[in-house]
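Q: I'm new to this structure and would love a guided tour. Could you start with the whole and then zoom in on one part?

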Amino acid sequence: MQFHLNGFLGSSDPLKLQYRAAHEPDFQSALPPAVDVLIIGAGPAGQLLGAQLAQFPDITTRIIEAKPARLEQGQADGLQCRSLEIFEAFGFSEKVLKEAYWVNETTFWSPGPGGEGLVRSGRIRDTEEGLSEFPHVILNQARLHDLWLEAMKWSPTRLEPSYSRAMQSLRIPSDSSAPVEVTVERVDEAHQGQTEVVRARYVVGCDGARSGVRRALGLEMKGDFANQAWGVMDALVVTDFPDLRLKTAIHSASEGSILIIPREGGYLARFYIELDKLKQDERIASKNVTAEVLIDRAQRIFAPFNFEVKHIAYWSVYEVGQRLTDHFDDVPKPQRSQRTPRVFIAGDACHTHSAKAGQGMNVSMNDTFNLGWKLASVLRRLSPPELLHTYTDERQAIAQLLIDFDREISRQFAAKPKHTLTEAGGSEDKDAIDPKVFQDYFTRQGRFMAGVETRYPPGPLTSAVMTYQDLARGFEIGTRFHSAQVLRLADAKPVHLGHVMDADGRWRIVLFGRQGDDPSSPASALWKTCGFLYETLVPRYTPAGQDIDSVIDVRAVLPHPRKDVAAISELPPILLPHKGKFGIQDYEKVFVDEESYGFGSGEIYKTRGVSRETGAVVVVRPDQYVSAVVPLGEEGCGLLEEFFGGCLRVQGGEGDGVTMGKEVDVAVR
């Protein structure tokens, strides 16, 4: 974290000193008549989007939420490795790591010989070695909400949700330059029946599976239910089952399945409990399932182990189903060339599925992390509005993969274990599954469940030029930037390179130097590339009067030991930029691939497959996905020029933007 750039802030928490206005803003009394972005719904997707947009004082954002106050009891709890990487970008991963349950192992239990009892049939590491610097963890959704609220509260805009407000109607004018009109109803007792009208440049529906925004757009959730009911229960139990504190999948011979998810705090655990299969067109609401029904079913599945429930913190029932909308905004595919999106949906508003693989909250947050920086870039006139088409392009395909995965994992969870019935003298169920097949599928899908399998296809934000991928094989184009430890040149501090990529809307260009090149020499490939960036590319897209790294942040990793690097002041100027009102130099742009004092070495060149002989240039977009890999030197500079010309707007005169290779008027205000 860097601060004190424009003057000494004192000894208080620097996060709490970002807001410099004289008075705290009031988000509860009344909504403003006009905003840049109106977010409907303050779940994880809406709060992440709010936290992202709250970083920009020049963007007016509001979140409305029908509930009267913060969430007290959440339903979701699983957090992928990728989600922890995102939390690091927002500054609160350490709090999550300290409080959460760490999912380090998963065990599998199946019926014993002859279909009797239960035996442990497998044990696997939950996430493979080196997949991420963060683990898979479990933390109550309500606690996560509090962390997002805190991230917003101490942002430069002090944003917080406006509670007890529900969207009543949404109108999109035919004039594409006119704002979207949203009528909001006050639902608290003191203001019952009152309405407010908000005109917004953009509206984002994060309002759940029964989304009013989705209905206003006329979008349909397509898919079906699997006619399979499940119960979920957070409970304190006394049991002699040995794996209660491990993530565990249990397939009983005839009573169904259970998934155990240990909860934070050391005592509480969540149980996903398979219930009876529903008849065609039957719904779970008609079954009158009670907590006692869930306990009884769990006890039968756990037999012969004892299972005594002492306290239930939360329980519910649900039906397994997978549903998805065709697109995630207000522009049907045939009209994409005619207009750009103004209304979006995210999370459960556009995709729903089962809870057992812990994907819902995570994929929802990834939706809005994808969208947030794009909205900011367009509103701040850094990118053309056509950029917003990429939200549906990228996230709808990911949601389809999620739906396909969830359908299969739900089928396997609900299937009876193969062989046990025949061994006991019964007939084999045609849908039965071999426990080993289930475990193998679970293992193969580990990367997907960790959230790191996402790969965006070529487009305006992902280069189609794969010629130079071998220069940095571990930074695959279209995938998230896979962090590794480096050593900061200026102060010898070990740092994870991905942790300098905050959720601040900036692009990153990471230069990996060549072995044998003197980085302080103007003749080196690194220096020549830096010269092009400093004199041409970066200034082209940086608004007048802003710091040179305000849009594109250039960093460098050198293969040399620190002692072999000349004085830091002799490195290229873009790696030691003068910033702020005093022109203070930033010393935190350059790193070396060297062992640190007591923290080992990340060996980033080796572990990420970066060529020491040639070096490489890696372009990372604001949501931490790799956009391009190009060589150092003249050819790479030309490719960088071509790439950024397709997604950023040249700063200067009006209408200097480009999109899809042609000039456009990009004014949005």
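How much accessible surface does the chain have, and what share of it belongs to carbon and sulfur atoms? After that, please take a close look at the hairpin of β26 and β27.

A: Happy to help! This is a predicted model, in which local features need pLDDT of at least 70 and side-chain atom pairs count only at pLDDT 80 or more, while totals for chains, interfaces and linings use all residues. Residues are numbered from 1 along each chain as its sequence is written, and side-chain values use heavy atoms, with hydrogens and water left out.

To your question: the chain has an accessible surface of about 27,500 Å², and carbon and sulfur atoms hold 49% of that area. Such areas come from the Shrake-Rupley method with a 1.4 Å probe, and for residues only the protein chains shown count as cover. Of the 669 residues, 58% are buried. Here buried means under 20% relative accessible area, exposed means over 50%, and partly exposed is in between, with a 1.4 Å probe and protein chains only.

The C-alpha atoms fill a box of roughly 80 × 60 × 55 Å along the principal axes. A compact globule with 669 residues would have a radius of gyration near 26 Å, and the chain agrees, at 26 Å. That radius is taken over C-alpha atoms, and the globule rule is 2.2 Å times the number of residues to the power 0.38. Contacts (heavy atoms within 4.5 Å) add to the picture: among those with a separation of 6 or more, 72% join residues 24 or more positions apart. The chain has 14 helices and 29 strands, which are DSSP runs numbered from the N terminus: helices are H or I with at least four residues, strands are E with at least two.

Now for the close look. Strand β26 covers residues 616-620 and β27 covers 626-630. In β26, 5 of the 5 residues are buried, so the strand is largely enclosed by the rest of the structure. Both of its faces are covered: A616, V618 and V620 are buried on one side, and V617 and V619 are buried on the other.

Strand β26 has two partners to look for. Two strands pair if DSSP finds at least two bridges between them. β21, residues 507-512, runs antiparallel to β26 and is joined to it by 5 bridges. β27 is also antiparallel to β26, with 4 bridges between them. V618 is a handy landmark: V510 stands opposite V618, and V618 stands opposite V629 in β27.

Follow the chain out of β26 and you reach the turn of the hairpin, which has 5 residues between the strands. Here Q624 takes a positive phi near 75°. Q624 counts as buried because its relative accessibility is 6%. The side chain of Q624 makes a polar contact with the side chain of R82, at 2.9 Å. A polar contact is a pair of N or O atoms within 3.5 Å; within protein, one must be able to donate a hydrogen and the other to accept it, and residues adjacent in sequence count only if both atoms are side-chain atoms. Leaving aside neighbours within four places in sequence, Q624 also touches residues from several stretches of the chain, including E85, A89, F369, T479, F481, G498 and M501.

Two other residues have a positive phi and make a useful comparison with Q624. R381, which is not a glycine, has a positive phi of about 65°. R381 lies in the loop between α7 and α8 and is buried, with a relative accessible area of 18%. H4, also not a glycine, has a positive phi of about 70°. H4 is in the segment before β1 and, at 32% relative accessibility, counts as partly exposed.

One more loop is worth a visit after Q624. A349 sits between β17 and β18 and counts as buried, with 0% relative accessibility. A349 and G208 are 141 residues apart in sequence, yet their C-alpha atoms are 4.6 Å apart in space.

To retrace the route: start at V618 in the buried strand β26, cross to V629 in β27, and finish at Q624 and its polar contact with R82.
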